Amino acid sequence: MLLELRIENLAVIERASATFGPGLNAVTGETGAGKSVLLAALALALGGRSDPALVRAGSQRAQATAVFSEGGPHEVLAGMGVALDDVLVVSRELSATGRSMARINAGVVSATATRQLGELLIEIHGQGSSSRWLLESEQLSGLDGYGADRLRVIHEEVAAAYDRRQQVLGELVRLRGLRDLEGLALERAEMDLEELDRAALRVGEDEELRAERSRLANAARLRAAAEQLHHAVGGNSPGATEVGEQLALALQAARVVRGIDPELDSAAAQVEEVTVLLQELSLQMGSYLDHLADDGGRLAEVEERLAVLERLIRRHGGSLEAAIRRRDEAFSQLGERLGLRAEVGALEVELDRLETEFAASCLTLSRLRSEVAGDFGRAVTSDLRRMLMPHAQFSIRIWQKPSDSGVRGPDGSRLECSRTGWDRVSYELAPNAGDQPRPLGDSASGGELARVALALLARLSHRSGVETVVFDEVDQGLGGEAANRVGELLLSVAESRQVICVTHLAPIAARAHTHLRVAKTEVGRAVRSEVTALDRDQRIDELARLLAGEATPLSARAHAAELLSSVGAGSPR
């Protein structure tokens, strides 16, 4: 809900603050006093066009700040990286050169971000505004909202049938893609599988073979080096016995004097360790020499196998692991395809059944929507005619859009569909007698569109939507009973939303929960406007002015007091 609008150096307003309340808020004032500046400030703050002509003459910058309650839509704000607070403060600063800066809760953001946020916070109807009711999605949502009680069950059936159809269709598309793996793709899978399967690939085999090839190719050098090491540690060499006997005699002599000198004992222990190590190395080198391959035939086998592996690696991904994955993939493709025909056939039968079920539900939904559309159209037409559009005819056209990928309709053609069925909706208006109904955007003026929006919102007051709705020009050219009907509809909408209405009619202003007056004063050559929240006596004066003009006789004031007492809204319901 909009709590406050602060304005600085914008058009005729030097500095002003307007405080709004729940329910219906009326904004009145003389022509040219600056009522439109309030709406311009609100639009500017929420990302509207930054026109430097709005900057007050003699000022370098203008600023508009809108303060909302309850912190705004948290998920959207979090997505923008905006810090959350108890209130939401959206502001826009505009320089006389045309540059602007937008902020949300003191954080600098783009004007696009504030515009996106503003669409979630406020809905403005009037001259130059773009009503959400011009959007087809909102029109369908409005129609279904009006007939919610009658449409709820069939809506659920349509959505459930659509979800089942989409699930089966998705699986069918996947399986058909596998089934249709033909021609070069299928031939390649078969050739790859035959080649790779015959090769009996094993992870890590290429590295093992390269290591073996290196050993075989260098067998003579390895043997020479190993024999030298074997001889060096005393294995199979002349004098080895002497070396062993010498070490044994030395150790025996050391044992005789063990315990006398710790230093000698330590050296003897190390000699024992060296003796054991030499023995182990001698055995190890002997075993190595016994098993060292020196087979030219095996080297040729290894070279041949490596050539095969390297050729497969180059053809299938650059590594042995990639070639193995390709083998498994080809096997999976060919294996799955064997049972695909039966599975695809079964799913096609299931899809036909689901599409028949879905189409039947869509047909029922269309029939019920047509009934609801007739009722809705007559209700809105009735409201429009009571708002001084005596020959207006509001209607809702329901139609379907052909689509090759859609579901088959009653006449056999395929129709585009979604979870809401196959219906497309267009709100149409014939403003005058003899006019042909045309889409709202083509047939309604700003004031007429505002009245249509008011009638729609009054009939859909139970539906969720933006919290604040602004009406400008909704009372243009009205009077008498028509003004009373507009006031009643505004109050009806204000039961579930905050409504701000710029008006020049006393019957509407009298019904407001909060009444703001925009007044113009002249100080020297400067013109300034101020916004004031009116108490009861001030409201009577303002209502009298609206009834009789500036020269308000006592009878006009009495009439204003009576009007306020009879239709005044008091506190919001």
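Me: Which helix and strands each supply at least two residues of the lining of the largest cavity?
Reply: In this predicted model, the lining of the largest cavity draws at least two residues from each of three elements. One of them is a helix spanning residues 35-45, and the strands span 2-10 and 498-502. The elements asked for are helix H1, strand E1 and strand E15.

Me: Which of these elements gives the largest share of the lining of the largest cavity?
Reply: The lining includes Leu-38, Leu-39 and Leu-42, and helix H1 covers residues 35-45. The largest share is 3 residues, and the element that supplies it is H1.

Me: How do the residues of the lining of the largest cavity divide into nonpolar, polar and charged?
Reply: The lining consists of Leu-2, Leu-5, Phe-20, Val-27, Leu-38, Leu-39, Leu-42, Val-470, Ile-500 and Val-502. Leu, Phe, Val and Ile count as nonpolar. The division is therefore 10 nonpolar, no polar and no charged.

Me: What volume does the largest cavity have?
Reply: The whole structure holds 2 cavities of 30 Å³ or more. For the largest cavity, the computed volume is about 60 Å³.

Me: How many residues does the largest nonpolar core have, and which helix gives the most to it?
Reply: Leu-384, Phe-394, Tyr-427, Leu-429, Leu-454, Phe-471 and Leu-490 have the most contacts inside the largest nonpolar core. That core has 74 residues. With 10 residues, the helix that gives the most to this core is H13 (residues 340-385).

Me: How many residues are in the other core, which lies apart from the largest one?
Reply: Leu-38, Ala-113, Val-470 and Ile-500 are among the residues of this other core. Leu-38, Val-470 and Ile-500 also line the largest cavity. The other core has 41 residues.

Me: Which residues does Phe-471 touch, not counting residues up to four places away in sequence?
Reply: Phe-471 is among the residues with the most contacts inside the largest nonpolar core. Its neighbours include Ile-500, a residue that belongs to the other core. Residues up to four places away in sequence are not counted, and the list is His-125, Ala-450, Ala-453, Leu-454, Leu-457, Leu-490, Val-499, Ile-500, Cys-501 and Val-502.

Me: How far apart are the closest N and O atoms of Asp-163 and Arg-419?
Reply: Asp-163 is in helix H5 (residues 148-179), while Arg-419 is in the loop between strand E11 (414-415) and strand E12 (424-430). The two residues are 256 residues apart in the chain. Asp-163 is partly exposed at 33% relative accessible area, and Arg-419 is partly exposed at 44%. They form a salt bridge in which the closest N and O atoms are separated by 3.0 Å.

Me: Is Glu-195 buried or exposed?
Reply: Glu-195 meets Arg-311 in a salt bridge (3.0 Å, N to O). Glu-195 lies in helix H6 and Arg-311 in helix H11 (residues 296-315), so the pair ties together parts 116 residues apart in sequence. Arg-311 is partly exposed, at 35% relative accessibility. Glu-195 has a relative accessible area of 12%, and since the limit is under 20%, Glu-195 is buried.

Me: Which helices hold Glu-310 and Arg-210?
Reply: The side chains of Glu-310 and Arg-210 meet in a salt bridge of 3.9 Å, N to O. Glu-310 is partly exposed at 28%, and Arg-210 is partly exposed at 27%. The residues are 100 apart in the chain, and the helices are H11 for Glu-310 and H7 for Arg-210.

Me: What relative accessible area does Asp-192 have?
Reply: Asp-192 is placed in helix H6. Leaving aside neighbours within four places in sequence, Asp-192 is in contact with Asp-197, Arg-315, His-316 and Arg-326. Asp-192 is buried, and its relative accessible area is 3%.

Me: What phi does Ala-106 have?
Reply: Ala-106 sits in the loop between strand E6 (100-104) and strand E7 (107-109). Ala-106 is exposed, at 66% relative accessible area. The residue is not a glycine, yet its phi is positive, at about 75°.

Me: Where is Ala-200 found?
Reply: Ala-200 has a positive phi of about 50° although it is not a glycine. Its relative accessibility is 51%, and because exposed means over 50%, Ala-200 counts as exposed. Ala-200 is found in the loop between helix H6 (183-199) and helix H7 (205-217).

How values were computed:
Residues numbered from 1 in each chain as written. Predicted model: local features only at pLDDT ≥ 70, side-chain atom pairs only at ≥ 80, totals over all residues. Heavy atoms only, no water. Core = buried A, V, L, I, M, F, W, Y, C linked by side-chain atoms within 4.5 Å. Buried < 20%, exposed > 50% of the residue type's maximum accessible area, 1.4 Å probe, protein only. Helix = DSSP H or I, 4+ residues; strand = E, 2+ residues; numbered from the N terminus. Contact = heavy atoms within 4.5 Å. Salt bridge = Lys/Arg side-chain N within 4 Å of Asp/Glu carboxyl O. 1 Å grid on protein atoms, 1.4 Å probe; cavity = no way out; pocket = protein on both sides within 12 Å on 5 of 7 lines; lining within 4 Å. Points joined across faces, edges and corners; volume = space filled by probe spheres on them.
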